Every structure is written in structure tokens, then in C-alpha cells.
Amino acid sequence: MERALGAAGICLECAARAPTCCRLSGKGGGQCFPLSLPERERIERILKQGDFWKSEKNSEAFLSAMSGLFPAGRSLMEKRWPSGQKHDRLRTHEDGACVLLTPAGCILPAEARPHHCRIYPFWVYNGQITYFKDQQCLAASSCRSLADLLRMFSLGKKEIFELYRRICLDWGLDGEILSR
Ligand code: SF4
């Protein structure tokens with residue numbers, strides 16, 4: 001049943017539990033999305049410090065997580081993030097929580113957050129808007145359909161496509177993903 005809390009309320013309620021989208025549930029950072037340079041610089045300007053990110057090896061877990069996100073698949077991901085090299089990501093505490101997560105939610109204003117934080121729990125696959133059916137996401141598990149979830153977040157399809165386009169641009173995947 002869709003809650004009356006709206007997205008802000010439900011995200012706070014979800015953040016009080018663990019894990020959430022701001023807290024890695026498994027081992028290591030393979031599941032953590034990359035942080036692009038423009039995103040990093042934007043956050044640095046706001047926080048006036050740079051201790052919120054780290055570089056991490058393009059591990060098997062990372063490449064396999066990235067390949068699952070795009071129909072273009074593994075070879076493109078290996079071209080973009082060659083194994084043995086590194087990518088940047090948000091730094092996390094030992095319990096997996098993002099260092100920018102506070103008891104009151106994310107420390108950043110919504111428009112300054114990385115695009116992958118802003119698009120979650122939505123995604124675009126094969127040109128269609130979809131969402132992560134994550135049982136730990138209170139919003140996704142409370143809604144019966146994509147339309148319900150879009151309503152809860154007060155988001156239109158145009159905004160989701162735009163966030164996805166920016167993710168592809170920032171991650172350097174625009175030429176091969178957005179042209180498909
Ligand atoms: S930057 Fe903010 S929204 Fe993104 S994972 Fe960290 S706390 Fe969550």
C-alpha cells in the first residue's frame with residue numbers, strides 16, 4: 001500500500017533502518033556506483049572539503065554490477081572501466097553507510113547529490129523507465145506500480161530520462177548508450 005508520507009518522509013523512515021540506498025549492504029564497494037569528476041567537484045565546492053570520496057579498483061564485483069545496469073553489457077563496461085584501473089566513489093563508514101548520510105538524511109541539498117542518488121530507485125533500461133525491486137527500499141516495496149512510485153516521488157518520466165542522460169554523460173557512456 002502506498003504510504004501517505006511522500007518520498008521525503010518514507011526515505012527518512014527507511015534511513016532509520018539498515019541497509020538503505022545510502023548504505024551498502026554487502027561486502028566491499030562493488031555495488032557502489034561511480035562518482036564522476038563533475039559530481040565530485042560540485043560536492044567539494046559545497047562542503048569545502050574533499051574527504052567524502054575514495055578511489056577503488058575496478059573489481060569483478062564492480063564490473064559485473066555495472067554490466068547489469070546497461071543492456072550494452074560487459075564489453076562496454078570493461079572498455080570504460082578497464083580492470084586493474086580505478087574509479088572514484090563516495091566514501092562509506094565501516095557499516096557501509098555513506099559518509100554524507102546523517103540521522104536527518106543526506107547532508108547535501110537534493111540538487112547537489114550525485115545523479116545516481118537522485119534517480120534511485122528509478123532506472124532506465126532498453127529505453128524504458130523501470131525501478132529497482134529492492135525489498136529493502138521502503139518506497140519501492142510500498143508501491144504497487146511504477147506509476148505509484150513516480151507519484152510518491154513527484155517525478156515525471158521526463159525528469160527520470162534527463163537524470164539517466166546525465167548519468168551516462170558523467171560516466172562517459174553517452175556515445176555508446178544514448179545513441180542506441
Ligand atoms: S550522497 Fe547523500 S543521497 Fe547519496 S548515498 Fe550519500 S547520503 Fe545518500
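This short presentation walks through the fold, the core, the ligand shell and some backbone details of one protein chain.

Good morning, colleagues. I should say at the outset that we are looking at a predicted model. The mean pLDDT of the protein chain is 87, and 89% of the residues reach at least 70. Confidence varies by element: strand 2, residues 86–90, has the highest mean at 96, whereas helix 9, residues 174–177, has the lowest at 64.

Let me turn to the overall architecture. The protein chain contains nine helices and six strands. It has 180 residues, of which 30% count as buried. Among the contacts with a separation of 6 or more, 66% are between residues 24 or more positions apart.

Next, the interior. The largest nonpolar core has 32 residues. Which of its members touch the most other members? They are Cys14, Ile119, Ala139 and Leu149. The elements that give two or more residues to this core include helix 1 (6–15), helix 5 (115–119) and strand 5 (122–125). Helix 6 (138–142), helix 7 (146–152) and helix 8 (157–170) do so as well. For isoleucine 119, leaving aside residues up to four places away in sequence, the contacts are Ile160, Leu163, Tyr164 and Ile167.

Alanine 15 deserves a moment of its own. This residue belongs to helix 1. Is alanine 15 buried or exposed? Alanine 15 counts as buried, because 21 C-beta neighbours lie inside 10 Å. Beyond residues up to four places away in sequence, alanine 15 touches Thr20, Cys22, Leu101 and Gly105. Cysteine 137 is 122 residues from alanine 15 along the chain, yet their C-alpha atoms are separated by 9.4 Å.

Two of those contacts of alanine 15, Cys22 and Leu101, lead us to the ligand, since both also appear among the residues around it. The other residues around the ligand are Leu90, Cys98, Leu100, Cys106, Leu108, Arg113, Pro114 and Cys117. By class, this shell comprises nine nonpolar residues, one charged residue and no polar ones.

I now come to the hairpin. Strand 5 pairs with strand 6, residues 128–131, in the antiparallel sense over four bridges. Within that pairing, valine 124 has isoleucine 129 in strand 6 as its bridge partner. Two residues separate the strands of this hairpin.

Finally, the backbone. Most residues other than glycine have a negative phi, and most peptide bonds are trans. Three places in this model merit a look against that background.

In the turn of the hairpin, asparagine 126 has a positive phi of about 50 degrees. Asparagine 126 counts as exposed, because it has 8 C-beta neighbours inside 10 Å.

Lysine 48 also has a positive phi, near 60 degrees. Where is lysine 48 placed? Lysine 48 sits in the loop between helix 2 (37–47) and strand 1 (53–57). With 6 C-beta neighbours inside 10 Å, lysine 48 therefore counts as exposed.

The third place concerns a peptide bond. Tyrosine 120 and proline 121 are joined by a cis peptide bond, with omega at about 10 degrees. Proline 121 is in the loop between helix 5 and strand 5, and both of those elements give residues to the largest nonpolar core.

That concludes my remarks; thank you for your attention.

Key:
Residues are numbered from 1 along each chain as its sequence is written. This is a predicted model: local features need pLDDT of at least 70, side-chain atom pairs count only at pLDDT 80 or more; totals for chains, interfaces and linings use all residues. A nonpolar core is a set of buried Ala, Val, Leu, Ile, Met, Phe, Trp, Tyr and Cys residues joined through C-beta atoms within 7 Å. A residue is buried if 20 or more other C-beta atoms lie within 10 Å of its own, exposed if 12 or fewer, and partly exposed in between; C-beta atoms are placed from the backbone. Two residues are in contact if their C-beta atoms, placed from the backbone, lie within 7 Å. A residue is near a molecule or strand if its C-beta atom, placed from the backbone, lies within 6 Å of it. Ala, Val, Leu, Ile, Met, Phe, Trp, Tyr, Cys and Pro count as nonpolar, Asp, Glu, Lys and Arg as charged, and the others, Gly among them, as polar. pLDDT is the predictor's confidence in each residue, from 0 to 100. Two strands pair if DSSP finds at least two bridges between them.
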